[in-house]
Amino acid sequence: TTTTQGLQEIAHNHITKGLGRLRDHVFKEGKGLRVLTTDGRKLLDFTSGIGVTSLGHAHPDVTEAIIAQAQSIIHIQCAIALSEPYVQLVESLLTMMPDPSLDSFFFWNSGSEAVEAAIKVARASTKRNNIVVMQGGYHGRTSGAAALTRSKTSFFKGTGPLMPCVYTTAFPYWHPMGVPKETSEEELVRQANLSIDNLLQQQSAPEDTAAIFVEPVIGEGGYVPAPKAFLQHLRKVCDKHGILLLMLDEIQTGFGRTGKMFAIEHSGVKPDLIIYAKGFANGMPISGIVTRKEIMDSMPPGSLGGTYSGNVVACAAALATTTYMRTHDILGNVNERSEQIFAGLRAIQADTANGGWMIEEVRGKGLMVAMEFKDPNSTLTSSHSKGPNVTLPPNLNKLVQDACMDRGLLTLTTSIYPVLRMIPALILSEADVEEMLSTMREAVKEVAR
Ligand code: PMP
């Protein structure tokens with residue numbers, strides 16, 4: 001079939017319902033932030049495929065690298081031979097690391113696979129079993145990664161038992177902590193620090209604890225940046241107990257997304273291992289971990305690998321993407337556009353006439369942007385802006401997302417709270433942001449009516 005309706009019908013009847021889809025758009029072409037559907041709709045993409053097409057859809061440098069590599073050789077199994085793009089990618093990444101001690105790499109295909117490997121490396125190098133994760137954290141859907149995930153039960157419901165020896169500690173975010181919105185960051189951090197300290201005394205002995213997994217900005221759990229003081233405390237806890245590892249999941253935050261090459265750079269905290277994927281190859285499936293050589297070398301030959309891991313076409317795309325990022329002022333644009341977006345959204349929030357009373361919080365870091373809407377069932381929301389005497393519907397995030405989509409703007413939701421999120425390409429222009437803001441203003445106005 002070639003018609004849009006025909007494609008949608010086959011998808012409805014023969015593609016798993018286990019895949020939740022936003023709408024049945026069929027994308028045909030993409031360029032920068034613009035997407036064209038098979039039925040001729042033009043969309044402004046503020047999702048970038050969940051933070052993947054950081055240089056925009058079909059960036060010419062990346063497309064050229066993919067074509068050239070595909071014309072040369074498409075598959076070189078990494079245990080059989082090296083390839084130039086694979087090794088040159090390592091050479092490129094070495095210059096981008098937030099700390100020179102991170103000097104040993106391995107590549108996989110997806111973020112979840114890299115998380116699986118990080119679990120193995122953590123356990124093998126420390127000879128300890130237990131893993132500590134954050135409430136609201138997300139690390140993937142494969143078995144091991146799902147066992148570390150704490151953002152939503154739908155990712156693993158009914159598929160257990162999952163990997164044991166995983167312990168959950170509080171992440172400093174008012175909503176899941178059950179404290180009022182007005183609670184200061186200092187107090188949130190105090191409580192979260194206490195949570196990990198208690199956990200290591202009451203549940204997981206430090207001598208049994210291999211690693212703490214943390215996202216520097218909680219992604220699927222609601223776009224909440226980890227306060228610097230919290231990350232510093234985790235580092236201190238790791239150092240105090242000797243061989244604990246701080247495993248940083250930068251799958252969503254890495255490669256310029258938050259305005260630094262890696263989000264951990266905002267805090268100055270030294271990680272032991274970084275997991276990355278998504279924005280790193282502008283759309284080709286490749287992920288990886290980097291750690292210190294002595295940690296990585298605890299893995300005996302043959303224990304890490306995979307038929308497609310470090311695929312040469314994906315490596316060529318990642319090399320072109322990272323080269324572009326190193327030679328252009330991507331971070332400058334992220335920071336400028338981020339300021340523009342946050343100022344614009346806060347103006348919408350403050351504008352009571354346009355429904356600002358229903359926006360609880362505008363937050364995020366760089367180009368990870370979230371609006372948390374009021375939750376009519378929550379007693380924790382801020383008291384100063386209850387707004388007019390109206391009954392709010394639940395799922396305001398989804399209503400606004402839908403109103404945006406009707407107007408051709410693609411956004412995402414996230415977490416169990418009413419959060420709408422945007423994660424656009426890092427190369428977006430001032431005009432792209434203005435267009436998004438004007439659509440968002442209209443969408444909020446429509447839902448607030
Ligand atoms: N960790 C984080 C922080 C993520 O955002 C994601 C993807 N949303 C993953 C892990 C899993 O990556 P993948 O979907 O490529 O398996």
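**Notes on the ligand shell, the sheets and the helix pairs**

1. Let's start at the ligand. It is surrounded by 15 residues, and the closest are Ser110, Gly111, Ser112, Gly140 and Gln252. Keep in mind while you look around that this is a predicted model.

2. Where does the largest share of the shell around the ligand come from? Look at helix α5, residues 111–126, which supplies three residues. Sorted by class, the shell has seven polar, five nonpolar and three charged residues.

3. Now for the sheet that α5 lies across. This is an open sheet of seven strands, and if you walk across it the order is β4-β12-β11-β10-β7-β5-β6, with mixed pairing. At the edges you'll find β4 (104–108) and β6 (166–169), each of which pairs on one side only. On average, neighbouring strands here are turned by 20° against each other, direction ignored.

4. Zoom in on the β4 edge. Its partner is strand β12 (residues 287–291), and the two pair in the antiparallel sense over five bridges. To see one of these pairings by eye, find tryptophan 108: its bridge partner in β12 is serine 287. While you are looking at strands, here is a handy rule: in a regular strand the side chains alternate between the two faces of the sheet.

5. Back to α5, the helix that gave three residues to the ligand shell. It lies across β4, β5 (130–134), β7 (209–214), β10 (245–249), β11 (273–276) and β12. Against β12, α5 runs at about 25°.

6. Next, a helix pair. Helix α8 (residues 185–202) packs with helix α9 (residues 228–240) at an angle of about 20°, and their axes are 10 Å apart. So α8 and α9 count as roughly parallel to each other, and their crossing is right-handed. Which residues of α8 and α9 meet? On the α8 side they are Val189, Ala192, Asn193 and Ile196, and on the α9 side Ala229, Phe230, His233, Leu234 and Val237. Seven of the residues in this contact are nonpolar, two are polar and none is charged.

7. There is also an open sheet of four strands. Its order is β13-β14-β17-β16, with antiparallel pairing. The edge strands are β13 (359–365) and β16 (412–414), and each pairs on one side only. Neighbouring strands in this sheet are turned by 30° against each other on average, direction ignored.

8. At the β16 edge, try following the pairing yourself. β16 and strand β17 (residues 419–422) pair in the antiparallel sense over three bridges. Threonine 413 is a good landmark, as it stands opposite leucine 420 in β17.

9. Which helices lie across strands of this sheet? Helix α12 (residues 330–350) lies across β13 and β14 (368–373), and it runs at about 175° to β13. Helix α13 lies across β14, β16 and β17, at about 40° to β17.

10. α13 has a helix neighbour as well. The axes of α13 (residues 396–406) and α14 (residues 430–448) come within 8 Å and cross at roughly 125°. That angle makes α13 oblique to α14, and the crossing is right-handed. From α13, the contact takes in Leu396, Leu399, Val400, Ala403 and Cys404; from α14, it takes in Thr439, Met440, Ala443, Val444, Glu446 and Val447. By class, that is nine nonpolar residues, one polar and one charged.

11. Finally, have a look at β1, β2 and β3. Strand β1 (residues 27–31) and strand β2 (residues 34–37) pair in the antiparallel sense over four bridges, with glycine 30 opposite valine 35 in β2. The two strands form a hairpin with two residues between them, and in the turn glycine 32 has a positive phi of about 60°.

12. β2 also pairs with strand β3 (residues 42–45), again in the antiparallel sense, over three bridges. Arginine 34 has leucine 44 in β3 as its bridge partner. What is the sign of phi at glycine 40, in the hairpin of β2 and β3? It is positive, near 85°, and this hairpin has four residues between the strands.

Notes: Residues numbered from 1 in each chain as written. Predicted model: local features only at pLDDT ≥ 70, side-chain atom pairs only at ≥ 80, totals over all residues. Near = placed C-beta within 6 Å. Nonpolar A, V, L, I, M, F, W, Y, C, P; charged D, E, K, R; others polar. Pairing = 2+ DSSP bridges. Axes fitted to C-alpha atoms, helices over the stretch in contact; angles between N-to-C directions. Contact = placed C-beta atoms within 7 Å. Parallel < 35°, antiparallel > 145°, perpendicular 65-115°, else oblique. Left-handed = near helix turned anticlockwise from the far one by under 90°.
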